[in-house]
Amino acid sequence: MKNCALCSILKSEEKRIILTTTPSFVCVNKEPLSKSHIMLLPQRHVCKLDELSAEEAQDLLTTIHTFSAHLQEKFNTQGALTILNHGKHKTQEHLHFHLLATDGNLRDVMSPYLKAPYRKELTLEELEKLASAIKDGLLN
Ligand SMILES: [Zn+2]
């Protein structure tokens, strides 16, 4: 897509690229949150998850698996965090996964971002309401 900063990595920022597969590529983040912070993307400009072909989806998951293990070993962590950005949001519309080696978890990343309490366990009734609200219209 024209003017997509992530599409342009393939064309003009090859030095950031770590790996290219037929449908996907892996590169370092332009503003890395850590030395292990990479991005995994389809080569084709895709905005939404349901626009990925089966081949692209399979390749991305396989590549995430490979790089997750590699980064954990290289950066000596017991885990890795993967976040999927898709759809329209503040940064890029090109679907992409962020992956970084960390012993932290989703709460460490998202709690300050969402200005949410680090831990706040809800009652079973409150959880049931949340589940019901999410299920509403799911299979229509
Ligand atoms: Zn793009």
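Ile134 is found in helix H4, where helices are DSSP runs of H or I with at least four residues, strands are E runs of at least two, and both are numbered from the N terminus. The structure is a predicted model, so local features need pLDDT of at least 70 and side-chain atom pairs count only at pLDDT 80 or more, while totals for chains, interfaces and linings use all residues. Residues are numbered from 1 along each chain as its sequence is written, and side-chain values use heavy atoms, leaving out hydrogens and water.

Ile134 is exposed, with a relative accessible area of 67%; exposed means over 50%, buried under 20%, and partly exposed in between (1.4 Å probe, protein chains only). The helix around Ile134 tells a matching story: the number of buried residues among the 12 of H4 is zero, so H4 lies largely in the open. Just after H4, Gly137 has a positive phi of about 85°.

Now to the interior. The largest nonpolar core (buried Ala, Val, Leu, Ile, Met, Phe, Trp, Tyr and Cys residues joined through side-chain atoms within 4.5 Å) has 13 residues, and Leu40 and Phe97 are among those with the most contacts inside it. These elements each supply at least two residues of this core:

| Element | Residues |
|---|---|
| Strand E3 | 38-42 |
| Helix H2 | 54-74 |
| Strand E5 | 96-101 |

H2 gives the most to this core, with four residues. Leu40 touches (heavy atoms within 4.5 Å) residues including Phe25, Leu60 and Phe97, not counting residues up to four places away in sequence. A second, separate core of nine residues includes Cys4 and Met39.
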